[in-house]
Amino acid sequence: MSRPGRDDAPDRLYTLTGGRSRSGPDNPFDLVTLVVAECDPVPGMQSEHTAILRLTERPTAVVEIAAELKLPVSITRILLSDLLAAGRVSARHPRKAAVPDPDILEQVLVGLRNL
Amino acid sequence: MDSATSETRPAAETRTPLGASADNGLKIVVVGGFGAGKTTMVRSVSEIRPLNTEETMTQAGEAVDDISGVRGKTATTVAFDFGRITLDSRNVLYLFGAPGQERFWFLWDRLFSGTLGAVVLVDTRRIDDSWYAIDRLEKHGTPFIVACNDFGGPTFTPQQIREALDLDPHVPLVNCDARSRESSKIVLITLVEHIRSLYADPARASRQELV
Ligand SMILES: Nc1nc2c(ncn2[C@@H]2O[C@H](COP(=O)(O)OP(=O)(O)O)[C@@H](O)[C@H]2O)c(=O)[nH]1
Ligand SMILES: [Mg+2]
């Protein structure tokens with residue numbers, strides 16, 4: 001077992017993202033944003049993009065994608081924003097509020113009690 | 001839950017996909033010192049085998065979004081693990097196991113903004129491991145409870161533990177065995193009930209934020 005990213009040479013990360021910086025504050029992807037593929041991988045696509053499209057045939061959280069790809073979260077978010085910009089994935093962002101919705105808290109309690 | 005897909009896809013065999021209608025991810029963080037039982041607790045309640053991932057940050061505490069930070073070798077990484085609990089057809093709870101060390105907190109906002117709350121997991125043989133985490137959670141205004149993991153060491157009264165942690169009287173304190181699903185489940189329920197009561201009583205919620 002190896003920790004993701006541990007052995008990644010900086011140059012590999014640089015190549016993956018083309019050196020761009022797009023995981024800043026305006027990157028919309030939360031750790032638990034659920035990502036869904038909107039198309040099949042096409043030949044010649046960057047292999048990480050292919051892997052993401054396969055993983056997200058069903059809704060998959062950003063953090064799960066990062067773990068499966070063994071890439072740091074920030075790099076995964078850059079890859080995802082590329083795919084989102086190209087319309088190849090859609091994103092279901094967490095419903096964030098300053099104060100959690102009481103109905104959601106109730107649903108969490110019901111779900112936990114049913115475990 | 002089973003996978004509806006039948007094509008040959010080795011990676012998928014070990015994965016349990018979410019239902020197609022899942023659309024809202026929620027977070028709870030389990031924070032504690034090394035060996036406090038975070039991964040054990042996540043494993044006890046998770047529907048997937050806990051996964052491990054990491055975030056990269058520069059020494060200034062910025063997550064790496066400028067790759068030159070990585071190239072300049074000024075970046076370090078923090079690892080964390082997580083599990084998942086499908087609550088219903090739309091809501092999915094992610095449970096994160098996060099180390100309590102100082103350097104991790106640089107990434108708290110980036111990783112855990114919007115978290116419902118936190119469980120501070122305490123090994124009573126090393127109570128001071130959790131001081132820093134409690135301090136940060138209080139400053140942050142993040143709702144939390146304290147769970148003492150039973151390692152069979154000397155037992156302390158709740159009052160002794162509260163004093164050692166300088167715990168606000170309204171913060172719930174429970175004992176648990178992180179290896180037990182039932183016990184870990186009760187910890188999470190206690191946290192969510194605490195969050196619910198905090199927000200049902202705005203005076204208490206704002207007091208917590210001011211601490
Ligand atoms: N006796 C006892 N051992 C535990 C308990 N929880 C965890 N452990 C053990 O303590 C060790 C560290 O736990 P781990 O979950 O890896 O800690 P982490 O570093 O916080 O993730 C492991 O060997 C666990 O099996 C507990 O409630 N009681
Ligand atoms: Mg661990």
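**Local geometry, ligand shell and chain composition**

With a relative accessible area of 64%, D166(B) is exposed, where exposed denotes over 50% relative accessible area, buried under 20% and partly exposed the range in between, evaluated with a 1.4 Å probe and with protein chains only. The structure is a predicted model, in which local features require a pLDDT of at least 70 and side-chain atom pairs are counted only at pLDDT 80 or more, while totals for chains, interfaces and linings use all residues. Residues are numbered from 1 along each chain as its sequence is written, chains are lettered from A and ligands numbered from 1 in the order in which they are written, and side-chain values rest on heavy atoms, with hydrogens and water left out.

D166(B) belongs to the loop that runs between α6 (158-165) and β7 (173-176) of chain B, helices being DSSP runs of H or I with at least four residues and strands runs of E with at least two, numbered from the N terminus. Although D166(B) is not a glycine, its phi is positive, at about 50 degrees. A positive phi is also found at K70(A), another residue other than glycine, with a value near 55 degrees. K70(A) sits in the loop between α3 (62-69) and α4 (73-85) of chain A, and its relative accessibility of 42% places it in the partly exposed class.

The secondary structure of chain A comprises five helices and three strands, arranged along the sequence as α-β-α-β-α-α-β-α. Of its 115 residues, 51% count as buried, and the chain exposes about 5,200 Å², of which carbon and sulfur atoms supply 50%; accessible areas were obtained by the Shrake-Rupley method with a 1.4 Å probe, and for residues only the protein chains shown count as cover. Among the contacts of chain A that join residues at least 6 apart in sequence, 72% link residues at least 24 apart, a contact being defined by heavy atoms within 4.5 Å. Chain B contains eight helices and seven strands, and 55% of its 211 residues are buried. Its exposed area is about 9,400 Å², with 51% contributed by carbon and sulfur atoms, and residues 24 or more positions apart account for 72% of its contacts with a separation of 6 or more.

Around ligand 1 there are 14 residues, among which G35(B), K38(B), T40(B), N149(B) and D150(B) come nearest, a residue being near a molecule or strand if one of its heavy atoms lies within 4 Å of it. The shell divides into four nonpolar, six polar and four charged residues, where Ala, Val, Leu, Ile, Met, Phe, Trp, Tyr, Cys and Pro are taken as nonpolar, Asp, Glu, Lys and Arg as charged, and the others, Gly among them, as polar. Helix α2 (residues 38-45) of chain B supplies the largest share of this shell, with three residues. Oxygen atoms of ligand 1 are placed 2.7 Å from a polar backbone atom of G35(B), 2.8 Å from a backbone N or O atom of K38(B) and 2.4 Å from an N or O atom in the side chain of N149(B). Taken alone, ligand 1 exposes 580 Å², and 68% of that area is buried by the protein.

Within helix α7 (residues 181-200) of chain B, S184(B) is buried at 0% relative accessibility. Its side chain reaches the backbone oxygen of S180(B) at 2.9 Å, and a polar atom of the same side chain lies 3.3 Å from the backbone oxygen of A178(B). When residues up to four places away in sequence are not counted, S184(B) touches M41(B), S44(B), V45(B), D177(B) and A178(B).

I48(B) occupies the loop between α2 and β2 (51-58) of chain B and is buried, with a relative accessible area of 11%. Apart from neighbours within four places in sequence, I48(B) is in contact with E64(A), T16(B), F82(B), G83(B) and R84(B).

Over all chains, the search for disulfides, that is, pairs of cysteine sulfur atoms within 2.5 Å, returned zero. C148(B) is in no disulfide, and the nearest cysteine sulfur, that of C176(B), is 7.7 Å away, a distance too far for a bond. C148(B) is buried at 3% relative accessibility, and C176(B) is likewise buried, at 4%.

Methods: A polar contact is a pair of N or O atoms within 3.5 Å; within protein, one must be able to donate a hydrogen and the other to accept it, and residues adjacent in sequence count only if both atoms are side-chain atoms.
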